[in-house]
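Q: Please take a close look at one part of this model, the place where protein and nucleic acid meet. A connected account of that part would be appreciated.

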Protein chains: 2
Amino acid sequence: MVEKQLKDRIIETALTLFEKYGYHGVTVDRIVAECGASKGGFYHNFKSKDELLYHIHDVFITYVLNKAQEAYVKYKTPTKRLCAIIQSFVRVFHIYKPHITVFNQEAAYLKPEYAEKINAKREQYKQIIFQVLREGIEAKQFRAEVPVEIAGLSIIGMVNWMYKWYKPDGPMSIEQIATAFNDLILHSLLTEEAKRDEDISSFLLSHVGDE
Amino acid sequence: MVEKQLKDRIIETALTLFEKYGYHGVTVDRIVAECGASKGGFYHNFKSKDELLYHIHDVFITYVLNKAQEAYVKYKTPTKRLCAIIQSFVRVFHIYKPHITVFNQEAAYLKPEYAEKINAKREQYKQIIFQVLREGIEAKQFRAEVPVEIAGLSIIGMVNWMYKWYKPDGPMSIEQIATAFNDLILHSLLTEEAKRDEDISSFLLSHVGDE
DNA sequence: GCGCACAGACCAACTAGTCGGTTTGCTATC
DNA sequence: GATAGCAAACCGACTAGTTGGTCTGTGCGC
């Protein structure tokens, strides 16, 4: 624990390089050179370059899926659940931006056996979002006309897209971004009655009753 | 015009393959084999594999940028402009889905001189969206609290993300998807007054005054 | 008979992965 | 607490296979 293990150093270096140059734009030789390791050290820790790619994917999706499940269990109303899930999703960019970039860019290059595992978790995540949206409509918090699949995929899309523009040292903090997303998303989902609910409208940037 | 030229056949084949296996997952040999051409034929039409990648990027971004500019000129109010731009954006998936997949997945592998040209157009597109959002806030059609950049990037993100899930033979038509997007986006942007405007609320799935 | 469009054998460079060997750290023994 | 023994961690030269790109042609329209 005193020193960073080689495996971690390799992952860290690989992430930085993959994020910038893409999986195929970086050779194993480059990775090991950049972190002062060797070919042998690399293949002692990973079965293949593919396994490293899988590992990066898995760390991120496992983490974010856990966070969503935690948020789902912790809160009891659809609106609160959705906001908590989105907030946790956005927050991940703070720690895992390079992972997410690789996850969104290089998934196509995962070997079938790895892709299968990752896709199963990806699918689970999607289903949680869909579930919350359905519950929200059921509970009359979200508009009945909202198409669950489109709305769910839109949410996933707009947050995931952050990997193209989010800069940790940008003008807005990660919490501000999460709040802005929640405001936009809730405005598009909530029914008029729900917006008038004090408990719910607290997630909005401005309370509709204020004017 | 009587027969499909080799260049077009190469592009078409390359697109199908790139979409499925990624740019680096497909060799030049594979492309030419699959479309009954030869190495010579390929390099007669393209300076390099990179140029083919650039060409695919350019066709799509040029097309979609034109469509956005046309929509902007054709309509005069922010809401109409935004809806028309989004509609045109979504419609592109009907024709250019493989282009868009490659565009979103493989941009990192463009050689610097090509990347520069593409990014300039990409930036232009972003600015049109931002502009319309600013105009909408100015005209009091869109809520003043809406953060222009976040909202703009969200819109671009959610539509672009379609490349991950859109299937031409899915349950919803491209027009239905466009309508659903517009409904979600307008609900998140419009002021309460604007929603009561007959002319504007016609873009919503259900008119708020109906209840 | 000239040049454009294309064919296909060939090449040089690159890269993931291997393999015999060395170092390091831990444990049991005296 | 020195030492021997041993396994895991790590090194780096080497290899086999792959791939973008070249080059010498060849057929064909005008």
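A: A residue is taken to be near a strand if one of its heavy atoms lies within 4 Å of it. The model discussed here is predicted. Around DNA strand D there are 16 residues, and those that come nearest are A:Gly40, A:His44, B:Val28, B:Lys39 and B:Lys49.

With regard to secondary structure, α3 (39–45) of chain A and α3 (39–45) of chain B each supply at least two residues of the surface near DNA strand D. The most is given by α3(A), with 5 residues. In terms of residue class, this surface is made up of 8 polar, 5 nonpolar and 3 charged residues.

On the nucleic acid side, sugar or phosphate accounts for 59% of the atoms of DNA strand D within 4 Å of the protein, while the rest belong to bases. Several polar contacts involve phosphate oxygens of the strand. Two of them use the protein backbone: a backbone N or O atom of B:Lys49 is 2.8 Å from a phosphate oxygen of DNA strand D, and a polar backbone atom of B:Val28 lies 2.9 Å from a phosphate oxygen of that strand. From chain A, an N or O atom in the side chain of A:Asn45 is 3.4 Å from a phosphate oxygen of DNA strand D.

A further point concerns cysteine. Over all chains, the structure holds 0 disulfides. A:Cys83 counts as buried because its relative accessibility is 2%, under the 20% cut-off. B:Cys83 is likewise buried, since its relative accessible area is 3%.

Technical notes:
Residues numbered from 1 in each chain as written. Chains lettered and ligands numbered in written order. Predicted model: local features only at pLDDT ≥ 70, side-chain atom pairs only at ≥ 80, totals over all residues. Heavy atoms only, no water. Polar contact = N/O pair within 3.5 Å; in protein donor to acceptor, adjacent residues only side chain to side chain. Helix = DSSP H or I, 4+ residues; strand = E, 2+ residues; numbered from the N terminus. Nonpolar A, V, L, I, M, F, W, Y, C, P; charged D, E, K, R; others polar. Disulfide = S-S within 2.5 Å. Buried < 20%, exposed > 50% of the residue type's maximum accessible area, 1.4 Å probe, protein only.
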